[in-house]
Amino acid sequence: HEKEGSPQKFDLRPTRPIRLEGECALNIISSTFYNSSCFTEGSFLHLGSTRDISISSCDFEECFSEGGRAHAIYITDQNKCQITIEDCMFLNCGKNSKGHVICCKVPGLIFSRNNISFTNTNCSGCINCIGKGKYHFIGNYFSNARMSMIPDGDAQYKSVGINYEGDSNFQDEEDLVIDENHFRNIIGSNYGRCLSLQVQEGKLNILTKNIIESCALGGFCIKIMQRKAIDTFELNGWEFRNNIIDDSFGGGAGIWIENEAVSNNMYTYNYTLIIKDCIFENNSCLKKGGGFQIGYAGYVDKDKYVTRVEVQISGCNFEKNTANEEGGALAIQTNYPLTITNCRFINNSSLVSGGAIFIGTFVPDPSGNNQQMPYATITDCEFIDNFGNNAHCIYIHDGPKTPIEITYCVFVNNFNENSEKSACVLSNSIELTVKGCYFINNDLEHSSGGVNVTSRS
């Protein structure tokens, strides 16, 4: 490049691997990078420029870094300008289920319409973002990525898909957008194997139209930690399909969202979780909540992060989800209100209670206020072909003092031939209201077939 203060911009077309430092802007267009390896980071691109970098419509195939942190592209902390990667293909860029295809030690990245996939056993993670700043991930596809389940330094604490650490040593304003991405068959630790975010400034309140599918048996798919308190958080238009989770928290979708902790980490600020227009289909949880679970699970050190939540679920479809424990589609056990509106529950099942929904209204309050769920309402919902022991559709537990309203819902063909005592709704709430509901062709032979209320002191 020319002398300092007069940077020259490079337009690079089909070329060999690049290491770039200094005040050079870089634009790489329609290039192919194939079969490279190195001992340090970034076997294709090692970028330390202090100017804008743009990479578009490029193919990156078969590479690995012996250093393991960044197999294809490494962007150093020297860069303070705009980094853009769009319309690129990354195929088999990794090795030994360690590290990530891309590592960014910068305060921002625009990453759009890219594909990171693996077709062989030389897998790795996808993207590791270290610095706090502006990160936009829109319309990307991630498939067959894997990181080792065996602890390796701090690798067990990083996401396999998108890992955002939000290092607060970076002073740039935080701006996160993660929309319309597709995660398929992502395998790794339970630290949010598809998506792990440590949000520092409380400015991420909605994630839209992402897809998580075919993630084999494992822990959380999503883990979002808000380090500054939020009032609401929304998942809008997501799809969760064919996932299997083995964890007491998060259910078959594998969702963990925690708000800022207070009082020496004894509990968190309360917030409202909104789940809107989402699809939960053919997911399975070996614990509670075949589609989704939030709240109490009997682990004091973890319950404190997820019980102080108001839950609002609307316009969602829950179909063919299964749980080994309570709640074939949903399991909700929190200290704050629950509202479920205009949802469809079709062919969900539980081996225990609540073929569609399990609600626990009285759980330990980590704030010490002994608050229980103040009310729960289920309105304008359809329940078709669900089954489970102790309630084929809705099982309400520990709810004597919690008003429960089930209004204008339809219950059709909910039964199990092997069950001798299941109703559609089973509750011990003395303030249960069922209004304007239709019960059609449910199990009348072995139980009430509709609503069964048990008394409890």
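Here a biologist quizzes a modeller about a predicted model.

Biologist: Let's start with Phe383. Why is Phe383 called buried?

Modeller: Buried means under 20% relative accessible area. Phe383 comes in at 0%, so the label fits. You'll find Phe383 in strand S43, residues 382-384.

Biologist: What does Phe383 touch, leaving out residues up to four places away in sequence?

Modeller: Its contacts include Phe345, Ala356, Ile357, Cys409 and Phe411. Phe383 is also among the residues with the most contacts inside the largest nonpolar core, which has 110 residues. Ile55 and Phe60 are on that list too.

Biologist: And which residues is Ile55 in contact with, neighbours within four places aside?

Modeller: Among them are Ile28, Leu45, Phe60, Ile73 and Cys88. There's also a second, separate core of 5 residues, including Ala331, Phe358, Ala391 and Leu426.

Biologist: Ala391, then. What makes Ala391 count as buried?

Modeller: The cut-off is under 20%, and Ala391 has a relative accessible area of 0%, so buried is the right word. Ala391 sits in the loop between S44 and strand S45 (394-397).

Biologist: What is there to say about the phi of Ala391?

Modeller: Most residues other than glycine have a negative phi. Ala391 is not a glycine, yet its phi is positive, at about 115 degrees. Glu62 is another non-glycine with a positive phi, about 60 degrees.

Biologist: Is Glu62 buried, exposed or partly exposed, and how do you know?

Modeller: Under 20% would be buried and over 50% exposed, with partly exposed in between. Glu62 has 29%, so it is partly exposed. Glu62 lies in strand S7, residues 59-65.

Biologist: Now Glu213. Why does Glu213 get the label it has?

Modeller: Its relative accessible area is 16%, and buried means under 20%, so Glu213 is buried. Glu213 lies in strand S22 (residues 211-213). Leaving aside neighbours within four places, its contacts include His182, Arg184, Arg241 and Asn243.

Biologist: Okay, on to a sheet. What is the order of the strands in the open sheet of 5?

Modeller: The order is S26-S32-S36-S40-S44, with parallel pairing.

Biologist: What makes S26 and S44 edge strands?

Modeller: Strand S26 (244-245) and strand S44 (387-388) each have a single partner strand, so one side of each has no neighbour in the sheet.

Biologist: How do you know that S36 and S40 pair?

Modeller: Pairing takes at least two bridges. S36 (residues 322-323) and S40 (residues 349-350) are joined by 2 bridges, so they pair, and they run parallel. Ala323 stands opposite Ser350 in S40.

Terms used. Residues are numbered from 1 along each chain as its sequence is written. This is a predicted model: local features need pLDDT of at least 70, side-chain atom pairs count only at pLDDT 80 or more; totals for chains, interfaces and linings use all residues. Side-chain values use heavy atoms; hydrogens and water are left out. Helices (H or I, at least four residues) and strands (E, at least two) are DSSP runs, numbered from the N terminus. A nonpolar core is a set of buried Ala, Val, Leu, Ile, Met, Phe, Trp, Tyr and Cys residues joined through side-chain atoms within 4.5 Å. Buried means under 20% relative accessible area, exposed over 50%, partly exposed in between (1.4 Å probe, protein chains only). Contact means heavy atoms within 4.5 Å.
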